[in-house]
Structures are given as structure tokens and as C-alpha cells.
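Please read this briefing alongside the sequence and the coordinates. The points are grouped by topic.

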Amino acid sequence: MNNWSERRGFVPLVAVVAGAISATGFEPLHLWALLLAGLAVLAALGFRQQRPGRAFLVGWLFGVGHFCVGNNWIATAFTYQAAMPAWLGWIAVFLLSLYLAVYPGLAVLGAWALARRSRILARSSPAAFALALAGCWAISEFLRGEMFTGFAWNPVGVALVGGFDRPGAVGWLAPWMGTYALSGLVLACAGAWWIAMRAAMMDRDRLKRALPLALIGLLLFVPWPAPAEEQGTLEFRLVQPDIRQEVLNEPQYYETNFLRSVELTGAPAKEDETRLVLWPESGVPDYLENGYPQRYYRQATFAADPDIARDRIAALMGPGAMLVTGSVDLVIGNENRAIAAENVVTAIGPDGEIAASYAKSHLVPYGEYLPMRSLLEPLGVTRLVPGSIDFRPGPGPRTLDLGRWGQAGIQLCYEIVFSGEVVDSKNRPDYIVNPSNDGWFGAWGPPQHLAQARLRAMEEGLPVMRSTTTGISAVIDANGVVRDHIGTYRSGRIDGFVPPAHAPTAFARMGIWLSLAWALVLLALAMVALRRRRG
């Protein structure tokens, strides 16, 4: 270990490769043992560095490899637009990874600073470093989800989410810890692996003490039996129309796409029924709000009149149904022109009126809006979603009162990945609706998105209903168990009853502060381990 870790040219290569390997612990591969191995190598490399700059560099290089592999689905999105060359997608992934890697770099630097007593290697504490790295990693992931609008995709803790019907220990831990604390727990487990390997090479007596702790950590990843399914009372019909990204935004396909969803929705609900109908993001191409200049309504699939469009939908749903669907609203400026758009979820009641609506808050940079437009647009850079105006963000989590169809929390697509930011804590919903369009994101994006939606269900103790354009749609209960789903590139529907909510969890009450409190506990344990070493 000493020889190869001290070769300056070799350490950067090992850090990048370890980061790339660790990303295979996420879906769809879910090779969690490689995730732990990669993180254990990171701990070994970070611990051996003699200067803070080198410690940061090791973590940053690890992050570059980690995010380039884990976020490869972003490159796929560039193949569904013609404004920029598709190969630019890989440049975008690489450049984004250069920024995201700052956070692992800061985590390693923080652990190095906290756990090193001096520059004398023999007097430092491996246990203190491992615990400090776990705590600093949890904090760095929180910062990654907050800074510059945040990019919270794939926190390490999501690797604990097991199979659809066997979520493992995470189902019991998530409500009491939250995602970022779970990430710290994964780092602590990887640190135990590193300490055990280090002991095996140095002292067999130390190995006897370290090995049990390393093996106990594996219980986090063992599938545990799922709780029994609980029966709800609100009937739902969830639709996945299999609308491919190639035709989703093409006007000549609007009516065909709309009719696909109508066909899957089936017979209208009778007046004595109470059926919640769920369509995906981009489910309705018509403008449903009144008050826009007439020229904008001419893009409608059926009629240049929003009242007629809504009445048509209500007639297709029936008097006993409430449709919750993705759509788009416009923001009209002083000159009677659209100055922005809003990506919204609209609830249409049996009377054809808009019962409630929600505007997406966490927008996708370069997808739904173009940062630094005045600088980038002259260079030929544009956003991925078609259109000449940017989307603007909504106010944040809201609970929509849908009357006899319950209290619906809404998280539109990408928003579901932000731990602690998915529910209006002052008005707790009965369930979360997460309409999405994952057709952009190839083979890796949809299963990663689903895993993070499951983690939100566990944290909040709320069921999550996901309707997507072409997969993966799913019904997730409050334990994070997928009770039914429709895979990618298939059309279909799911009928059933919305799973019941649990009582508010510890995380639902305390939010992100609970995760940060656990991070501080890990840092406190690191200080205890360092004092014992000094003693």
C-alpha cells in the first residue's frame, strides 16, 4: 500500500478509476460491492496524503470518474435535439463532472483536516479519518443539492435501495436518518472495509477487531422481507402511453399522442365512483388556462379554445374522475407576448374546470432554461427542451386539495430527487404524484430516477405515484416498496388503490436538519477516535 499510494503519477489514475468503478453501485447495475470497494480506495488514498491540496485533489479526481460514469444518461438527452451536435452531450457530462467533483474533494479535504494530528503519518488515526470522511461526505452531498440551484442526483445513500419488493435495511433507517445521513453510513461502511484491509496487511490481531465491523456493514445491503401490503381506499388509474421522445414535441403527433393516453384511460368513471387518473409530464399538449392571446391557442390539438379543450378531457374522464396531468402554462408580459413558460401539473375536475395546479420549482439547467443565456446563446448553445423562451420556477412544494380525491403533493419529474424538499410540511399530503418524462435518458436515467423516488417515499412515509411517458411508471408505497410498475418502452396502465400514508416520520418532522445532525454525530465520533489515538 505504501509504495503504490506514494507514486504521484499513479495516485491520480487510481483515484479516477476508483470513482468510475464506484458509480456502478447505482442503478441499473447496482453493483454495491464495487461502490464500497471504490470508496474504500478513496479513504486509503485520502488518508495517505501529506498536504491538504493533495487530499482535495484525490477527492476531486475520484469525483470526476464517479460523476462521468454515473451521469452518462445526460449525454443521451443530446441525441433528441437537432440544435447542437450529439457529441456535445459527452462534453457536457465531463464539464458538469469537473464541477460536481468539487464536493467529494471538499469531503476528503475536510476529513483530512479533522483527522490528521500532524504531518507525521504514524501518529494519525485511520478510524478518525474514516468517520470524519463519512460525516464530511454527508455534508458535502447536502451542499451539492443546494448550491447554484443544486444537483442532488445519485447521493451515495440511494445505493442502499434494494429490489422493488425487498428494499432492505434502508426502509427502516431512512425515516430516522434521511438520505444524506444514509450516504454517511455507506462511507462509514466503506471505511470499515478499508481499515480491515489495512489491518490484514499490517497486523492479524487488528484484523480480528476490524473484520466484524466490516461484515456488520454488509447488513445494510442485504434484502429484507418487505412489510405486508396495506390497502388504501382511493381508486386510481395510472397511464403510461409509451410516447417516445422522438415524437413527443412534434406538432403533427400531438393528437395521436393524446389519443393514446385516452385509449389507455378506458371507459369514463361513473358519477358514483371516485377515480384518480394520472397522466405523465407533457400529458396534454393544449394550453388549458384562459387569457392568452389567441395566436397561442392555434397550436392546440383539438380546438383553439381552452374551455373546449378542458370540457373534452372531462367528458373522456367521466363524472367520477379527476385527471392529474402534466401540461404547460404561459407567462404573458406587458406587450401581450409570452415572456416565460411554466412546467405545470394541472388537475381537471369532472366539470371541466381546473381544480388546482402546481408549477415546477426545481428546473433542469440547460434543459428547461439556459443559464448565462446572453453569453452562451451566441456560441450556439441552447436548452434541450424545444422553444425560444425559458421556463420559470414555481414557489416550491404545495399540497393540492382535490376534494374527495384527497390531498395531493406534487413533485414534477426531476424535483423528486431533492431530499427534504418534496412536501409542504405545514400541509402534509395523503400521497405524492410524480409525473415525469424519462424518455430523454436512455437505460441508466429511468431506474436511477425511480430509486430516488423510492427513497423519498421512505423518508416521508408517503406513497409516490409515478406516471411517465415511456417508463418507468410505478406505484410506490410508504415503505418504498414498488407494488406495481410498467417498464421502459411499453404502454399500459395500472389500476388499484393509492397506498395509505404513514404517520409523519422523524425525517418528515425535522427535515434535512435530521441528516445534518447525524453528520455531526459522525464527526463527533471521529474526534473521539482521534483522542483515543492520541491517548
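In this predicted model, Val364 sits in the loop that runs between strand E5 (354-359) and helix H16 (373-376). With a relative accessible area of 26%, Val364 is partly exposed, because that value falls between the 20% under which a residue counts as buried and the 50% over which it counts as exposed. Although Val364 and Thr149 are 215 residues apart along the chain, their C-alpha atoms are separated by 9.2 Å.

**A second loop position, Pro504**

- Pro504 is found in the loop between strand E12 (492-497) and helix H18 (506-510), and its relative accessibility of 34% makes it partly exposed.
- Once neighbours within four places in sequence are set aside, Pro504 is in contact with Arg428 and Arg509.
- The C-alpha atom of Pro504 is separated by 9.0 Å from that of Pro175, a residue 329 positions away along the chain.

**Helix H17 and the residue after it**

- Helix H17 comprises residues 445-460, 16 residues in total, and spans 23 Å from its first C-alpha to its last, which is close to the 22 Å expected at 1.5 Å a residue.
- Because 16 of the 16 residues of H17 are buried, this helix is largely enclosed by the rest of the structure.
- Gly461, placed just after H17, adopts a positive phi of about 70°.

**A nonpolar patch on the surface**

- Phe10, Leu13, Val17, Ile21, Leu29, Leu31 and Leu34 together make a nonpolar surface patch of about 550 Å².
- Helix H2 (residues 10-22) provides the largest share of this nonpolar patch, contributing 4 residues.
- Leu34, one of the patch residues, belongs to helix H3 (residues 32-48) and is partly exposed, with a relative accessible area of 36%.
- Leu34 can be counted in such a patch because its relative accessible area is 36%, and patches are made of residues with over 30%.

**The chain as a whole**

- The protein chain contains 19 helices and 12 strands, and 56% of its 535 residues count as buried.
- Among the contacts in the protein chain with a separation of 6 or more, 71% are accounted for by residues 24 or more positions apart.
- About 21,900 Å² of the protein chain is exposed, and carbon and sulfur atoms supply 60% of that area.

Key: Residues numbered from 1 in each chain as written. Predicted model: local features only at pLDDT ≥ 70, side-chain atom pairs only at ≥ 80, totals over all residues. Heavy atoms only, no water. Patch = residues over 30% accessible without salt bridge, like charges linked within 9 Å, V, L, I, M, F, W, Y side chains within 5 Å. Areas by Shrake-Rupley, 256 points an atom, 1.4 Å probe, with all protein chains shown as cover. Salt bridge = Lys/Arg side-chain N within 4 Å of Asp/Glu carboxyl O. Helix = DSSP H or I, 4+ residues; strand = E, 2+ residues; numbered from the N terminus. Buried < 20%, exposed > 50% of the residue type's maximum accessible area, 1.4 Å probe, protein only. Expected span 1.5 Å × (residues − 1). Contact = heavy atoms within 4.5 Å.
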